[in-house]
Amino acid sequence: MTSPESPRKPIMVGNWKMNMNHLEAIAYVQKLAFGVSDKDLDRTEVAVLPPFTDLRSVQTLKEADKLKILFGAQDVSAHKDGPYTGEISASMLAKLKVDMVLVGHSERRAYHHEDDDLINAKIGEILKNSLRPLLAVGETLPIRQAGDAMSHVIAQLSGCLKGVSTKQTDGLIVAYEPVWAIGTGEVASPEDAQQMCLAIREWLSSRFSSTVAEQTRVLYGGSVKASNVKELMNQPDVDGALVGGACLDPAEFLRIIRWPDQL
Ligand code: PEP
């Protein structure tokens with residue numbers, strides 16, 4: 001993470017994937033909120049991404065207890081409304097006051113055949129509803145082995161953010177998630193994470209402006225846990241982490257959030 005003068009506040013985002021029903025979600029958020037101190041939240045923003053069925057419960061708890069923990073959705077429809085069985089629109093999410101919407105996760109790309117055009121349409125819906133996109137990008141192992149990781153990630157950024165104006169980047173978060181590191185226990189080296197996060201920032205600067213590049217948080221995701229988060233966060237262009245498996249245990253997620261206290 002950058003110096004204390006950095007305009008970017010670190011953020012730790014827990015992606016629950018298809019885990020926890022709404023009752024478990026309430027218990028989890030209560031436990032997390034009890035553990036997270038004002039000092040933690042002064043240093044780092046904290047967000048959870050529960051399944052759709054949990055969002056209303058998390059929203060109600062957040063509002064009732066005035067929690068400062070952020071929450072968001074793991075996906076959204078590319079359509080405004082209409083005959084799209086099983087889909088959830090951005091306006092429905094806006095009504096729940098979610099703080100962000102994840103799009104482009106590699107599991108959506110792999111298992112639901114989502115491509116950059118579809119993700120771009122989803123981002124359009126997110127922005128039309130004044131929500132904040134959390135855009136995940138990242139290369140597969142064969143792409144990395146072929147030496148094409150950077151051009152692949154830049155092409156994903158360029159396709160997913162097509163037509164987005166500089167003004168609309170307010171609140172955008174980008175997560176670099178190498179597919180080979182997701183859920184595998186194999187984490188990118190801090191140097192590789194830094195190199196890609198810097199390349200993403202440089203692309204943001206040329207596509208939008210140096211101010212956008214300076215203000216947009218770029219996260220690393222892929223097998224982050226308490227034991228490896230600090231060396232990743234010590235990289236100047238890594239502004240936080242998107243955490244899958246390790247966030248399901250609130251105590252471990254808390255240790256990740258408290259990375260600055262690690263010796
Ligand atoms: C993720 O799902 O975005 C992720 C990074 O998962 P994990 O931390 O389990 O690798």
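Two strands count as paired here if DSSP finds at least two bridges between them. Keep that in mind for this predicted model, where eight strands close into a barrel with parallel pairing and a ligand ends up with 96% of its area buried by the protein.

**The barrel**
- Going round, the strand order is β1-β2-β3-β4-β5-β6-β7-β8, and the barrel is closed.
- From one strand to the next, the twist averages 25°.
- Take β6 (residues 173-176) and β7 (residues 217-221): they run parallel and are joined by four bridges.
- Within that pair, Val174 sits opposite Val218 in β7.

**Helices on the sheet**
- Helix α8, spanning residues 149-160, packs on the sheet and touches both β5 (133-137) and β6.
- The direction of α8 makes about 150° with that of β5.
- Helix α9 covers residues 190-207 and lies across β5, β6 and β7.
- Relative to β7, α9 runs at about 150°.

**The ligand site**
- There are 14 residues around the ligand, and the ones that come nearest are Lys17, Glu177, Gly183, Ser223 and Gly244.
- Sorted by class, that shell has eight polar, four nonpolar and two charged residues.
- Lys17 reaches in with its side chain, putting a polar atom 2.6 Å from a ligand oxygen.
- Gly183 uses its backbone instead: a polar atom there is 2.6 Å from an oxygen atom of the ligand.
- Gly245 also contributes a backbone N or O atom, 2.8 Å from a ligand oxygen.
- On its own the ligand would expose 290 Å², and the protein buries 96% of that.

Terms used
Residues numbered from 1 in each chain as written. Predicted model: local features only at pLDDT ≥ 70, side-chain atom pairs only at ≥ 80, totals over all residues. Heavy atoms only, no water. Near = heavy atom within 4 Å. Polar contact = N/O pair within 3.5 Å; in protein donor to acceptor, adjacent residues only side chain to side chain. Areas by Shrake-Rupley, 256 points an atom, 1.4 Å probe, with all protein chains shown as cover. Nonpolar A, V, L, I, M, F, W, Y, C, P; charged D, E, K, R; others polar. Helix = DSSP H or I, 4+ residues; strand = E, 2+ residues; numbered from the N terminus. Axes fitted to C-alpha atoms, helices over the stretch in contact; angles between N-to-C directions. Contact = heavy atoms within 4.5 Å.
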